[in-house]
Amino acid sequence: MNIKSKVMTIANALVKQGISRSAAMVRAWITVKLRRMEVKAVGVTRGNRQTLLERLMRYSADDITVTLRREQGNTHDSNAIQIVAAVRNKGAAVIGYINRELAAALAPLLDKGAVIASSFKAITGGGAPYMNYGFNLELKV
């Protein structure tokens, strides 16, 4: 998928969500032109995700891979994109989600078959009692 196609796909999806065409075009160009962005996962405090993040801290960054997976049946967000972390030879689990605003821009690309490369950056927090872990990743559009 070329750059112009990516921009138009993102912009059209944003317009459908009520954003003006000019604002949608600006957001789409920014998203595509950045090429690389660091993102924090949302929803990392749900279910057993804090335990999973604590376990992930035991492994080196080279052993952790990250993939993005669309969750079209999500009742809270029709553009939901899961962040799935996997440890080499151990298994994989949903760690969290891409934030709603960015997911609105990226979901149409994933739906059209575009590849958005993702890689693990860091696990943050968790050093003190009642301090939650966070999950940072890098995306390349």
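In these legends a strand is a DSSP run of E at least two residues long, a helix is a DSSP run of H or I at least four residues long, and both are numbered from the N terminus. All the views are taken from a predicted model.

**View 1. The loop that holds N89.** N89 is found in the loop between strand 3 and strand 4, and its phi is near 65 degrees, which is a positive value in a residue other than glycine. As background to this view, most residues other than glycine have a negative phi. With a relative accessibility of 75%, N89 counts as exposed, because the word is used for values over 50%.

**View 2. An open sheet of 3 strands.** The strands of this sheet follow the order 2-3-4, and their pairing is antiparallel. Strand 2 (64-70) and strand 4 (91-97) are the edge strands, each of them pairing on one side only. When direction is ignored, neighbouring strands of the sheet are turned against each other by 30 degrees on average. Between strand 3 (residues 81-87) and strand 4, the antiparallel pairing runs over 6 bridges, and A86 has A92, in strand 4, as its bridge partner.

**View 3. Helices against the strands.** Helix 3 (residues 49-56) packs on the sheet, where it touches strand 2, strand 3 and strand 4, and its direction makes about 120 degrees with that of strand 4. Helix 4 (residues 100-111) lies across strand 2 and strand 3, and it runs at about 75 degrees to strand 3.

**View 4. A salt bridge between R36 and E138.** In the whole structure, a search finds 6 salt bridges, and one of them joins the side chains of R36 and E138, with a distance of 2.7 Å from N to O. Because R36 lies in strand 1 (residues 36-40) and E138 lies in strand 6 (residues 133-140), the pair ties together parts that are 102 residues apart in sequence. Are the two partners buried or exposed, or something in between? R36 has a relative accessibility of 44% and so counts as partly exposed, a term for values between 20% and 50%, whereas E138, at 9%, counts as buried, since its value is under 20%.

**View 5. Further partners of E138.** The side chain of E138 also meets that of K121 in a salt bridge, at 3.8 Å from N to O. This pair links distant parts of the chain, with K121 in strand 5 (residues 117-125) and E138 in strand 6, 17 residues apart. K121 is partly exposed, its relative accessible area being 39%. Another salt bridge is found between the side chains of E138 and K140, at 3.9 Å from N to O, and K140, with a relative accessibility of 43%, likewise counts as partly exposed. Which residues are joined into one network by salt bridges that share partners? They are R36, E38, K121, E138 and K140.

**View 6. A nonpolar patch on the surface.** Three residues, V26, I30 and L34, make a nonpolar surface patch of about 270 Å². One of these residues, V26, lies in helix 2, which covers residues 21-34.

Methods
Residues are numbered from 1 along each chain as its sequence is written. This is a predicted model: local features need pLDDT of at least 70, side-chain atom pairs count only at pLDDT 80 or more; totals for chains, interfaces and linings use all residues. Side-chain values use heavy atoms; hydrogens and water are left out. Two strands pair if DSSP finds at least two bridges between them. Axes are lines fitted to C-alpha atoms, for helices over the stretch in contact, and angles run from 0 to 180 degrees between N-to-C directions. Contact means heavy atoms within 4.5 Å. A salt bridge is a side-chain nitrogen of Lys or Arg within 4 Å of a carboxyl oxygen of Asp or Glu. Buried means under 20% relative accessible area, exposed over 50%, partly exposed in between (1.4 Å probe, protein chains only). Patches are made of residues with over 30% relative accessible area and no salt bridge: like charges are joined within 9 Å, nonpolar side chains (Val, Leu, Ile, Met, Phe, Trp, Tyr) within 5 Å. Accessible areas come from the Shrake-Rupley method with a 1.4 Å probe; for residues, only the protein chains shown count as cover.
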